Amino acid sequence: QLKLVESGGGLVQAGGSLRLSCAASGRTFTARNMAWFRQVPGKAREFVAGITWSGNVTVLANFVKGRFIIKRDNVGVVYLHLNSLEPEDTAVYYCNAVNRVSSRGTALEPWGPGTQVTVSS
């Protein structure tokens, strides 16, 4: 199993930026499709962005298009660049391996602790 660890969250003002990182211990996920999700208390976890194992294809949820970018490097770290942040982006952000890069994809590994992103107005 992968042990996923997210980092890079924090408190930022509206309009600001953050870069989230997702790393794994246990084994590499360089050959896995990966995705970022987010969750606010009382709501279901939602898909934010996904990237294929090759890095050639990315999919973004409509509510982050033009603002967030997902990337991965060649040693297996997956990044989510959050730009033009809005208070509505406040959530705990999680990464996971997925069976397909889509909002309908299924997470394949146990969830990590996530990283809190708080955007102040």
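These exercises, each with a worked solution, cover the strands, core, disulfide and salt bridges of a predicted model.

The model is predicted, with local features needing pLDDT of at least 70, side-chain atom pairs counting only at pLDDT 80 or more, and totals for chains, interfaces and linings using all residues. Residues are numbered from 1 along each chain as its sequence is written, and side-chain values use heavy atoms, with hydrogens and water left out.

**Exercise 1. Lay out the open sheet**

Task: State the strand order of the six-stranded open sheet, then find its edges.

Solution.
- Step 1. Fix the terms. Strands are DSSP runs (E, at least two residues), numbered from the N terminus. Two strands pair if DSSP finds at least two bridges between them.
- Step 2. Read the order. It is β2-β10-β9-β4-β5-β6, and the pairing is mixed.
- Step 3. Find the edges. β2 (10-13) and β6 (58-60) each have a single partner strand, so one side of each lacks a neighbour in the sheet.
- Step 4. Add the twist. From one strand to the next it averages 25°. The axes are lines fitted to C-alpha atoms, and angles run from 0 to 180 degrees between N-to-C directions.
- Step 5. Check the directions. β2 and β10 run parallel, joined by four bridges. Here Gln-13 stands opposite Ser-120. β9 and β10 run antiparallel, with three bridges. Tyr-93 has Thr-115 as its bridge partner in β10. β4 (34-39) and β5 (46-51) are antiparallel over five bridges.

**Exercise 2. Follow β3 to its partners**

Task: Name the register pairs that β3 makes with β1 and with β8.

Solution.
- Step 1. Take β1 (3-7). Five bridges join it to β3, and the two run antiparallel. Ser-7 stands opposite Ser-21.
- Step 2. Take β8. It pairs with β3 in the antiparallel sense, over five bridges. Leu-18 stands opposite Leu-82.

**Exercise 3. Sort the side chains of β10**

Task: Which residues of β10 point to the buried face?

Solution.
- Step 1. Recall the rule. Side chains of a regular strand alternate between the two faces of the sheet.
- Step 2. Set the cut-offs. Buried means under 20% relative accessible area, exposed over 50%, and partly exposed in between (1.4 Å probe, protein chains only).
- Step 3. Assign. Thr-115, Val-117 and Val-119 point to one face and are buried. Gln-116, Thr-118 and Ser-120 point to the other and are not buried.

**Exercise 4. Describe the core and its disulfide**

Task: Identify the residues that touch the most other members of the largest nonpolar core, then characterise the disulfide.

Solution.
- Step 1. Define the core. It is a set of buried Ala, Val, Leu, Ile, Met, Phe, Trp, Tyr and Cys residues joined through side-chain atoms within 4.5 Å.
- Step 2. Pick the hubs. The largest core has 30 residues, and Trp-36, Leu-80 and Tyr-93 touch the most other members. Strands β3, β4, β5, β7, β8, β9 and β10 each supply at least two of its residues.
- Step 3. Search for disulfides (cysteine sulfur atoms within 2.5 Å). The whole structure holds one. Cys-22 and Cys-95 form it, with sulfur atoms 1.9 Å apart.
- Step 4. Place the pair. Cys-22 is in β3 and Cys-95 in β9, 73 residues apart. Both are buried.
- Step 5. Get the handedness. The S-S torsion is about 70°, so the disulfide is right-handed.

**Exercise 5. Trace the salt bridges**

Task: How many salt bridges are there, and which residues are linked in a network?

Solution.
- Step 1. Apply the cut-off: a Lys or Arg side-chain nitrogen within 4 Å of an Asp or Glu carboxyl oxygen. The search finds five salt bridges.
- Step 2. Take Arg-38 and Glu-46. Their N to O distance is 2.8 Å. They are also bridge partners across the strands, with Glu-46 in β5. Arg-38 is buried, at 7% relative accessible area. Glu-46 is partly exposed, at 31%.
- Step 3. Take Glu-86 and Arg-67. Their closest N and O atoms are 4.0 Å apart. Glu-86 is partly exposed at 34%, while Arg-67 is buried at 11%.
- Step 4. Add Asp-89. It sits in the loop between β8 (78-82) and β9 (91-97). At 1% relative accessibility it is buried. Its contacts (heavy atoms within 4.5 Å) include Arg-38 and Arg-67.
- Step 5. Join them. Arg-38, Glu-46, Arg-67, Glu-86 and Asp-89 are linked in a salt-bridge network.
- Step 6. Note another pair. Glu-109 and Arg-32 meet at 3.2 Å, N to O. They lie 77 residues apart, in the β9-β10 loop and the β3-β4 loop respectively. Both are buried.

Notes:
Lists of a residue's contacts leave out its neighbours within four places in sequence.
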